[in-house]
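Please look at how charged side chains are arranged in the structure below, taking the pairs in turn and then the charges left without a partner.

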Amino acid sequence: MDTERLLEIGSRGIHLLFDTDMIVTAFAQDADRLRGELEGRFDEVHFAIDGLVKIGDPDEGRDFVQSLPESVRHVLILLYFELLDGRMREAAVFH
């Protein structure tokens, strides 16, 4: 998966790997609960990121994300939007 292209498309509001329901559900999570749920499970998050980067097709990537444990999926979505936000802030033109 070409991360730069994914973020470029994401900056236009098109999120190829996540549907609206997945995004809404991820952002509705309680951060402390999610953190506690994933404590000691960082290998799973790393596996998810590594696996996703190796996938070349967005449809296959979406299926992969859908197959992840819910808490890992939520963290992956939140990390994606954090990266997207950082990219958009860097690209912003200030007058």
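Is Glu8 buried, partly exposed or exposed, judged by its relative accessibility? In this predicted model, Glu8 counts as partly exposed, because its relative accessibility is 37% and the partly exposed class runs between 20% and 50%. The side chain of Glu8 meets that of Arg12 in a salt bridge, with a distance of 3.2 Å from N to O, and Arg12, at 53% relative accessibility, counts as exposed. Side chains of opposite charge can pair when their charged atoms come close.

The structure holds seven salt bridges, and two others can be followed along helices. In helix H3, which spans residues 31–38, Arg33 and Glu37 are four residues apart, about one turn of the helix, and their closest N and O atoms are 2.2 Å apart in a salt bridge. Glu37 is partly exposed at 36% relative accessibility, and Arg33 is likewise partly exposed, at 40%.

Helix H6, covering residues 70–91, holds Asp85 and Arg89, again four residues apart, about one turn of the helix. Their side chains meet in a salt bridge of 2.8 Å, N to O; Arg89 is exposed, with a relative accessible area of 58%, whereas Asp85 is partly exposed, with a relative accessible area of 36%.

Turning to the unpaired charges, Asp57, Asp59, Glu60 and Asp63 form a negative surface patch. Of these residues, Glu60 lies in helix H5, residues 58–67, and is partly exposed, with a relative accessible area of 46%. Glu60 can belong to the patch because its 46% is over the 30% that patch residues need, and because patch residues have no salt bridge.

Terms used
Residues are numbered from 1 along each chain as its sequence is written. This is a predicted model: local features need pLDDT of at least 70, side-chain atom pairs count only at pLDDT 80 or more; totals for chains, interfaces and linings use all residues. Side-chain values use heavy atoms; hydrogens and water are left out. Patches are made of residues with over 30% relative accessible area and no salt bridge: like charges are joined within 9 Å, nonpolar side chains (Val, Leu, Ile, Met, Phe, Trp, Tyr) within 5 Å. Accessible areas come from the Shrake-Rupley method with a 1.4 Å probe; for residues, only the protein chains shown count as cover. A salt bridge is a side-chain nitrogen of Lys or Arg within 4 Å of a carboxyl oxygen of Asp or Glu. Lys and Arg count as positive and Asp and Glu as negative; His and the chain ends are not counted. The place of a charge is taken as NZ of Lys, CZ of Arg, CG of Asp or CD of Glu. Helices (H or I, at least four residues) and strands (E, at least two) are DSSP runs, numbered from the N terminus. Buried means under 20% relative accessible area, exposed over 50%, partly exposed in between (1.4 Å probe, protein chains only).
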